[in-house]
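This briefing concerns helix packing and salt bridges in the structure shown below. Please read it with the sequence and the coordinates at hand.

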Amino acid sequence: TLLDTVDIFFHSAAAADAIYELLTTELCRVAYAHERRSKVCGALQLAAICERRPATWLLGCEEKLACALLSLCSDGHIEVQPTTISDASDALIGLLNKCHAAPLPAPHGAAQAAALSALAARFVTALCSCNAGVRDASKKALHEVA
């Protein structure tokens, strides 16, 4: 996959971070696309990025990732399959666990607390969504960070 290629060929951490940042931005954009295939692939690849990158890197784009994954949990579009919703919800919970299961070292502690606060506000707002998939994913996310 493209993510394997990035890991193999970019030995410089700065170069790999830049490529991952570009991939994350593009995959988050794809989460809002209208093609069904894009949504399925987007959910799977966002989950892979969340698994591969360290928590300290994920904190920088956590809100962007969480919003894209919440969008993929929306069950109101005919293009979205139940597996996409399940994969996106699982990836969202995995992201939260990776970033907030344990306190990060001193330079990242403040960013971790700020990110959690922003995400909690986003999830509380999403509880009022007219979409059941988004509401359910937000409930799970709030339960996970509680």
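R29 is partly exposed, with a relative accessible area of 48%, and in this predicted model its side chain meets that of E26 in a salt bridge with an N to O distance of 2.5 Å. The wider search of the whole structure returns four salt bridges, and the points below take up the pair of R29 and E26, the pair of R53 and D17 and the pair of E63 and R122, before turning to the packing of helices.

**Salt bridge within helix α2**

- R29 and E26 lie three residues apart in helix α2, and they are therefore separated by about one helical turn.
- E26 has a relative accessibility of 40% and so counts as partly exposed, and R29, at 48%, is likewise classed as partly exposed.

**Salt bridges between distant parts of the chain**

- R53 forms a salt bridge with D17, in which the closest N and O atoms are 2.1 Å apart; this pair links distant parts of the chain, since R53 sits in the loop between α3 and α4 (55-58) while D17 belongs to helix α2 (residues 13-30), 36 residues away.
- Which of these two partners is buried, and which is partly exposed? R53 counts as buried because its relative accessibility is 10%, under the 20% cut-off, whereas D17, at 28%, counts as partly exposed.
- The side chains of E63 and R122 meet in a salt bridge with an N to O distance of 2.9 Å, and this pair again links distant parts of the chain, with E63 in helix α5 and R122 in helix α7, 59 residues apart.
- E63 is partly exposed, with a relative accessible area of 33%, and R122 is also partly exposed, with a value of 37%.

**Packing of α5 against α7**

- Helix α5 (residues 62-72) packs with α7 at an angle of about 20°, their axes being 10 Å apart; because this angle is under 35 degrees, the two helices are roughly parallel to each other.
- The crossing in which α5 passes α7 is right-handed.
- On the α5 side the contact involves E62, E63, A66, C67 and L70, which meet A115, A118, L119, R122, F123 and A126 in α7; by class, these residues divide into eight nonpolar, no polar and three charged.
- E63 and R122 are both among the residues of this contact, and they are also the partners in the salt bridge that joins the two helices.

**Packing of α7 against α8**

- The axes of helix α7 (residues 106-126) and helix α8 (residues 132-145) come within 8 Å and cross at roughly 145°, and this crossing is left-handed.
- The contact is made by L116, A120, F123, V124 and A126 from α7, together with V134, R135, S138, A141, L142 and V145 from α8; its composition by class is nine nonpolar, one polar and one charged residues.
- F123 and A126 of α7 take part in the contact with α8 and also in the contact with α5.

**Surroundings of Q45 in helix α3**

- Q45 is found in helix α3 (residues 36-52), and its relative accessible area of 27% makes the residue partly exposed.
- Q45 and T24 are 21 residues apart in sequence, while their C-alpha atoms are 8.8 Å apart in space.

Terms used: Residues are numbered from 1 along each chain as its sequence is written. This is a predicted model: local features need pLDDT of at least 70, side-chain atom pairs count only at pLDDT 80 or more; totals for chains, interfaces and linings use all residues. Side-chain values use heavy atoms; hydrogens and water are left out. Axes are lines fitted to C-alpha atoms, for helices over the stretch in contact, and angles run from 0 to 180 degrees between N-to-C directions. Helices (H or I, at least four residues) and strands (E, at least two) are DSSP runs, numbered from the N terminus. A crossing is left-handed if the near helix is turned anticlockwise from the far one by less than a right angle, and right-handed if clockwise. Contact means heavy atoms within 4.5 Å. Ala, Val, Leu, Ile, Met, Phe, Trp, Tyr, Cys and Pro count as nonpolar, Asp, Glu, Lys and Arg as charged, and the others, Gly among them, as polar. Angles under 35 degrees count as roughly parallel, over 145 as roughly antiparallel, 65 to 115 as roughly perpendicular and the rest as oblique. Buried means under 20% relative accessible area, exposed over 50%, partly exposed in between (1.4 Å probe, protein chains only).
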